[in-house]
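Me: Could you take a close look at one part of this model for me, starting from a single residue and working outward? I'd like one connected walk through what surrounds it rather than a list.

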Amino acid sequence: MKAWLCENPIGVEALKWKELPQPQPGPGQLRVSIRAASLNFPDLLIIQNKYQMKPPLPFVPGTEFAGVVDAVGDGVQGFKPGDTVAAFTGTGGFATEALVPAALALPLPAGFPFEDAAAFICTYATSHHALMDRAALQPGETVLILGAAGGVGTAAIQIARAAGARVIAAASTDDKCARCRNLGADATINYTTHSLRDELKTLTEGRGPDVVYDPVGGDLTEPAFRSIAWRGRYLVVGFAQGKIPALPLNLTLLKGASLVGVFWGEFAKREPKHNADMMKTLAAWYAQGKIKPVIDQVLPMEDLPQAFARMSGRAVVGKLVVVNRT
């Protein structure tokens, strides 16, 4: 097999495309021939040694991928060679093959494209867990989505719309805002050229959004929280801007508002049945056409460094996918 190996987590420049021994599945494992893998922001942080999970060296990055089962270990039930699956494993995806615990493999229905499947689990599970579970989003409520043109942002737009909410999408360029409107956002804010607080006041007639979905952090957090509606829920999803913000806690008192942490990976571990039910719902929504991953570009697996460069430049709308051609 071949894989992008990280032997020293100093950044993309340290990754090497290497020949490695073919892995053999142990008890409870599948070996998957990877057809497509997607880039998530944690993939960049992991190879820079900036993520909370620090895998032992050396490791193959790539949190999320899809492919075909080509071998199964002892004790595996429900899977056989030839089955198509997607998986979110934390590492291993930027390669031609990977071992996957059978419990983490999501069987794919017939006709589910590998590119979509590779870009599906992380963003949609994160956004559904955030909006529907942690925020208990209700039809008719207003949701502000920060970083709305990114992977989790585009998923959040679709899920909020499917839930019957009004969506205000905030992004950094006019082009990204236009893409968000095409996805179904009711209104958009370019927070590079406009005041986030002033625009929210106008768009909500002074009331503010009921839910704020924030995967960005940094200097957008405080103005967004100051704009939130009474009894609003502020979803702390991530810190793509790089800076972890500090908030005056008196704002939660004045607004009667909640700061709500969102950590889908831990939810999936601690509440596997609830997570499995959620994934069934998301698969059904995909089949019904309610949600569909937004693919920015599809590149060959060998071009992973170029994909990371595009992600670092914040040029991506939706998800970047790299593929192994067979």
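Reply: Let's start at Ile189, which sits in strand E10. Bear in mind throughout that this is a predicted model.

First, how covered is the starting point? Ile189 has a relative accessibility of 1%, and buried means under 20%, so it counts as buried. Leaving out residues up to four places away in sequence, Ile189 touches Ile168, Ala169, Ala170 and Ala171, then Cys177, and further along Leu196, Glu199, Leu200 and Leu203. There is also Ser172, which is 17 residues from Ile189 along the chain, with 8.3 Å between the two C-alpha atoms.

Cys177 is the contact to follow, as it leads into helix H5. That helix runs over residues 174–182, and its buried residues are Lys176, Cys177 and Cys180. Those three span an arc of only 100 degrees around the axis, so they lie on the same side of H5. Turn to the other side of H5 and you find Asp174, Asp175 and Asn182 exposed. As for what the buried residues of H5 pack against, the partners are helix H4 (151–162), strand E9 (166–171) and strand E10 (187–190). So we're back at the strand that holds Ile189, by way of H5.

Just past the end of H5 comes Gly184, with a positive phi of about 120 degrees. Gly184 is also a handy link to H4, since Arg161 touches it, along with Val167 and Asp186, again not counting residues up to four places away in sequence. Arg161 belongs to helix H4. With a relative accessible area of 39%, Arg161 is partly exposed. Its C-alpha atom lies 9.4 Å from that of Leu183, a residue 22 positions away along the chain.

From H4 we can step across to helix H3. Two packed helices are described by the angle between their axes and the distance between the axes. For H3 and H4, the axes come within 8 Å and cross at roughly 50 degrees. The pair is therefore oblique. The crossing of H3 past H4 is right-handed. On the H3 side, the contact is made by Thr123, Tyr124, Thr126, Ser127, His128, Leu131 and Met132, while H4 brings Gly151, Val152, Ala155, Ala156, Gln158, Ile159 and Ala160. Sorted by class, the residues where H3 meets H4 come out as eight nonpolar, six polar and no charged.

How much of H3 is covered? Eleven of its 14 residues are buried, so you can call the helix mostly covered. The buried set is Ile121, Cys122, Thr123, Tyr124, Ala125, Thr126, Ser127, His128, His129, Ala130 and Leu131.

H3 has another packing partner, helix H10. H3 (residues 121–134) and H10 (residues 272–287) pack with their axes 10 Å apart and at an angle of about 110 degrees. This makes the two helices roughly perpendicular. Here too the crossing of H3 is right-handed. The residues that meet are Ile121, Tyr124, Ala125, His128 and His129 from H3, and Met278, Met279, Thr281, Leu282 and Trp285 from H10. The contact of H3 with H10 contains seven nonpolar, three polar and no charged residues. Tyr124 and His128 of H3 deserve a second look: both are among the residues facing H4, and both are among those meeting H10.

Now for the way out of H3. The helix is followed by Ala136, which has a positive phi. The value is near 50 degrees, in a residue other than glycine. Ala136 is located in the loop between H3 and strand E8 (142–145). Its relative accessible area is 37%, so Ala136 is partly exposed.

If you're collecting unusual backbone spots, there are two more in another loop. Asn49 lies in the loop between H1 and E4. This residue is not a glycine, yet its phi is positive, about 60 degrees. At 41% relative accessibility, Asn49 is partly exposed. Pro58 is also placed in the loop between helix H1 (41–47) and strand E4 (64–72). The peptide bond leading from Leu57 to Pro58 is cis, with omega near -15 degrees.

Terms used. Residues are numbered from 1 along each chain as its sequence is written. This is a predicted model: local features need pLDDT of at least 70, side-chain atom pairs count only at pLDDT 80 or more; totals for chains, interfaces and linings use all residues. Side-chain values use heavy atoms; hydrogens and water are left out. Buried means under 20% relative accessible area, exposed over 50%, partly exposed in between (1.4 Å probe, protein chains only). Helices (H or I, at least four residues) and strands (E, at least two) are DSSP runs, numbered from the N terminus. The arc is that of the directions from the helix axis to the C-beta atoms. Contact means heavy atoms within 4.5 Å. Axes are lines fitted to C-alpha atoms, for helices over the stretch in contact, and angles run from 0 to 180 degrees between N-to-C directions. Angles under 35 degrees count as roughly parallel, over 145 as roughly antiparallel, 65 to 115 as roughly perpendicular and the rest as oblique. A crossing is left-handed if the near helix is turned anticlockwise from the far one by less than a right angle, and right-handed if clockwise. Ala, Val, Leu, Ile, Met, Phe, Trp, Tyr, Cys and Pro count as nonpolar, Asp, Glu, Lys and Arg as charged, and the others, Gly among them, as polar.
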